Amino acid sequence: MDATPKIIGGVKHNRRTPAIHGPTNPMVTPLLTDLYQFTMAYAYWKAGKHNDRAVFDLYFRKNPFGGEYTVFAGLEECIRFIANFKLSKDEIAFIRECLSPTCEDGFYDYLGGIDCSDVEVYAIAEGSVVFPKVPLMRIEGPVAVVQLLETPFVNLINFASLVTTNAARHRFVAGKNKLLLEFGLRRAQGPDGGIGASRYCYMGGFDATSNCAAGKLFGIPLRGTHSHAFVSSFTGPDEITEKSLQSHDGSRLCKDFVHLTQMWLGKLKRLSSSEGVFGETNQSELAAFVSYALAFPNNFLALVDTYDVMRSGVPNFCAVALALSDMGYKAKGIRLDSGDLAYLSCEARKFFQTIEKEFQVPGFGKTGITASNDLNEETLDALNKQGHEVDSFGIGTNLVTCFSQPALGCVFKLVEINNQPRIKLSEDVSKVSIPCKKRSFRLYGKEGYALVDIMLGENEPPPKEGQRILCRHPFNESKRAYVVPQRVEDLMKCYWPGSADKEREELPTLKHIREHCMKQLEQMRNDHMRRLNPTPYKVSVSAKLYEFIHFLWLNEAPVGELQ
């Protein structure tokens with residue numbers, strides 16, 4: 001077999017090297033687009049313009065959630081899409097049915113032959129912190145083909161970046177040392193929303209998901225125990241027929257684990273009698289906890305709020321946990337899903353610490369406490385201010401649905417065609433596009449934090465460390481500053497060279513993207529990241545690009561006439 005390496009896009013690929021797989025979601029096909037992309041493609045073809053070399057920028061205009069940063073996500077799915085872009089005969093037949101019967105047959109022959117071999121994609125690395133107006137992706141190629149990529153690209157980037165940003169914001173408020181669990185599948189917007197949310201929440205800093213499908217697809221760690229239904233399905237300890245438990249080291253057998261648990265519950269009652277913590281606990285709840293512990297002695301974590309947290313749930317849990325300890329196991333902890341989470345977590349922690357002290361059980365005072373119950377950024381912030389003892393948070397609805405903002409608002413704008421820069425004007429200055437093919441750089445200061453992003457024309461010399469450069473606001477002439485960068489980062493890399501002889505960036509694993517995201521967030525100043533009244537991050541253009549923007553603006557804007 002010929003194993004000669006082939007050079008594709010400047011990178012050596014062996015024939016045994018697997019091709020880039022198609023999109024994760026099989027619904028992402030060339031038909032996942034708006035009809036007007038095909039009507040424009042026909043009009044381009046009819047006018048003989050379909051092969052004009054176009055450059056489009058994909059960017060957004062405003063950071064989400066009232067914040068001052070966004071995390072870029074969805075790039076891998078875009079590359080998977082174009083790497084496998086090809087219209088099937090059935091898809092072309094469907095397009096023929098949708099367009100006017102006056103459309104010529106030659107156009108459908110043209111559709112059958114197109115792919116993305118003449119397209120080039122440059123992008124910021126997935127998982128990077130990004131800002132408005134700076135292109136996330138630059139797509140170059142035949143105008144008709146690139147136009148067909150617009151809707152799927154915007155679709156693949158919009159939600160991915162939004163939910164990754166939402167996850168990063170939750171991580172920032174919760175703090176680095178808390179375990180964050182994504183529990184949103186059941187409330188997500190359909191299967192695709194659930195799968196995507198799990199993937200991008202992990203990218204944005206969450207530690208695990210409850211979503212088994214996402215765990216299988218992306219290798220995300222899974223977490224989950226039991227629900228209130230499991231607890232309330234038991235009526236008492238008599239239901240437990242198999243009561244034996246082998247010790248952790250296999251040296252002993254407890255023939256009646258239920259009895260061992262009840263012995264410990266009696267000791268806890270005597271311990272707590274002077275403090276008035278609890279009297280008789282709910283025995284059906286105890287039965288549920290014992291049953292779950294017998295099934296998962298190494299991973300016993302109990303939901304303790306089915307009946308009463310401090311009068312039943314926590315004492316029952318502790319009795320089972322202490323019985324497990326006798327057999328060489330260590331219980332994972334409790335989950336609180338209702339009530340005053342700050343108060344209950346503190347009371348539970350005190351109880352755990354008392355047990356450790358009174359019964360000499362090392363580490364029991366640090367037993368894990370997980371909280372859930374419609375948590376969001378605001379409730380996490382409130383818990384921090386109140387003081388709490390929660391170790392991990394299970395967050396669902398508000399996280400995966402991006403409840404506080406439903407869309408990011410990415411746009412896809414033509415900035416150059418046949419080497420001629422183009423601009424989109426508007427009475428709303430925020431909607432004016434920045435023309436021409438550009439390069440983007442991030443300038444860092446002495447303390448290692450990012451200071452400003454700057455866009456330059458493609459042929460301008462890049463900024464250099466230690467050399468002063470003038471950074472200008474794209475549209476406000478009075479906003480400008482000199483910057484002497486201590487470090488310069490070139491943001492745009494080639495991720496799809498098409499048939500061009502250029503090296504391309506390999507697509508990193510989800511774990512590596514997550515690590516990159518965490519590193520990026522650490523390089524941002526806290527005042528840019530804070531939840532309330534964050535400091536806006538500066539996005540600028542070079543002096544030369546500033547002058548060109550305003551020259552082209554005046555050149556393209558019609559001159560009014562007063563009579």
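A residue is called buried here when its relative accessible area is under 20%, and by that cut-off Phe81, with a relative accessible area of 2%, counts as buried. The structure in which this residue sits is a predicted model, and every value that follows should be read with that in mind.

Taken as a whole, the protein has 563 residues, of which 53% count as buried, and its C-alpha atoms fill a box of roughly 90 × 55 × 55 Å along the principal axes. The secondary structure consists of 17 helices and 24 strands, and two of the sheets built from these strands serve well as landmarks.

The sheet with parallel pairing is open and holds six strands, in the order E9-E8-E15-E14-E13-E12. Its edges are strand E9 (208–209) and strand E12 (301–303), and because each of these has a single partner strand, one side of each is left without a neighbour in the sheet. At the E12 edge, the partner is strand E13 (residues 333–336), joined to E12 in the parallel sense over three bridges; within this pairing, Leu303 has Arg335 in E13 as its bridge partner.

Arg335 leads on to the largest pocket, which has a volume of about 1100 Å³. This pocket is lined by 36 residues, and those closest to its centre are Phe183, Ser210, Gly224, Thr225 and Arg335. Several strands of the parallel sheet contribute to the lining, since strand E8 (179–182), E12, strand E14 (368–371) and strand E15 (392–395) each supply at least two residues. By class, the lining of the largest pocket comprises 11 nonpolar, 17 polar and eight charged residues.

The other sheet is also open and has six strands, but here the pairing is antiparallel and the order is E17-E16-E3-E7-E5-E23. Strand E17 (420–421) and strand E23 (493–496) are its edge strands, each pairing on one side only. Inside the sheet, strand E3 (residues 53–60) and strand E16 (residues 410–417) run antiparallel and are joined by seven bridges, with Asp57 standing opposite Lys413 in E16.

Asp57 also belongs to the lining of the largest cavity, together with Tyr59, Lys133, Val415, Ser433, Ile434 and Lys438. That cavity has a volume of about 40 Å³, and the count of cavities of 30 Å³ or more comes to one. Its lining divides into three nonpolar, one polar and three charged residues.

The second largest pocket has a volume of about 770 Å³. Of the 29 residues that line this pocket, His473, Pro536, Tyr537, Lys538 and Val539 are the closest to its centre. Strand E19 (450–457), strand E20 (469–472), strand E21 (480–483) and strand E24 (538–541) each supply at least two residues of this lining, which by class divides into 13 nonpolar, seven polar and nine charged residues.

The aromatic side chains offer another route through the model. A pair of aromatic rings is described by the distance of the centres and the angle of the planes, and the count of such pairs in this protein is 19. One of them joins Phe81 and Phe153, which are edge-to-face, at 6.4 Å centre to centre and with 70° between the planes. This pair links distant parts of the chain, as Phe81 lies in helix H2 (residues 75–83) and Phe153 in helix H5 (residues 143–174), 72 residues apart. Like Phe81, which is buried, Phe153 is buried, with a relative accessible area of 0%.

A further pair is formed by Phe230 and Tyr292, whose ring centres are 5.5 Å apart and whose planes stand at 80°, so this pair is edge-to-face. It too links distant parts of the chain, with Phe230 in helix H8 (residues 228–232) and Tyr292 in helix H10 (residues 283–295), 62 residues apart. Here the two partners fall into separate exposure classes: Phe230 is partly exposed, with a relative accessible area of 27%, whereas Tyr292 is buried, at 8%.

Elsewhere, ring pairs link Tyr42, Trp45, Phe107, Tyr108 and Tyr110 into a cluster. Rings also lie beneath charged groups: Arg138 lies over the face of Tyr122, at 4.4 Å from the ring centre, and the charged end of Arg472 sits over the ring of Tyr546, 3.7 Å from its centre.

Definitions and conventions. Residues numbered from 1 in each chain as written. Heavy atoms only, no water. 1 Å grid on protein atoms, 1.4 Å probe; cavity = no way out; pocket = protein on both sides within 12 Å on 5 of 7 lines; lining within 4 Å. Points joined across faces, edges and corners; volume = space filled by probe spheres on them. Nonpolar A, V, L, I, M, F, W, Y, C, P; charged D, E, K, R; others polar. Phe/Tyr/Trp six-rings, centres within 6.5 Å; stacked < 30°, edge-to-face > 60°. Helix = DSSP H or I, 4+ residues; strand = E, 2+ residues; numbered from the N terminus. Buried < 20%, exposed > 50% of the residue type's maximum accessible area, 1.4 Å probe, protein only. Lys NZ or Arg CZ within 6 Å of the ring centre and 35° of its normal. Pairing = 2+ DSSP bridges.
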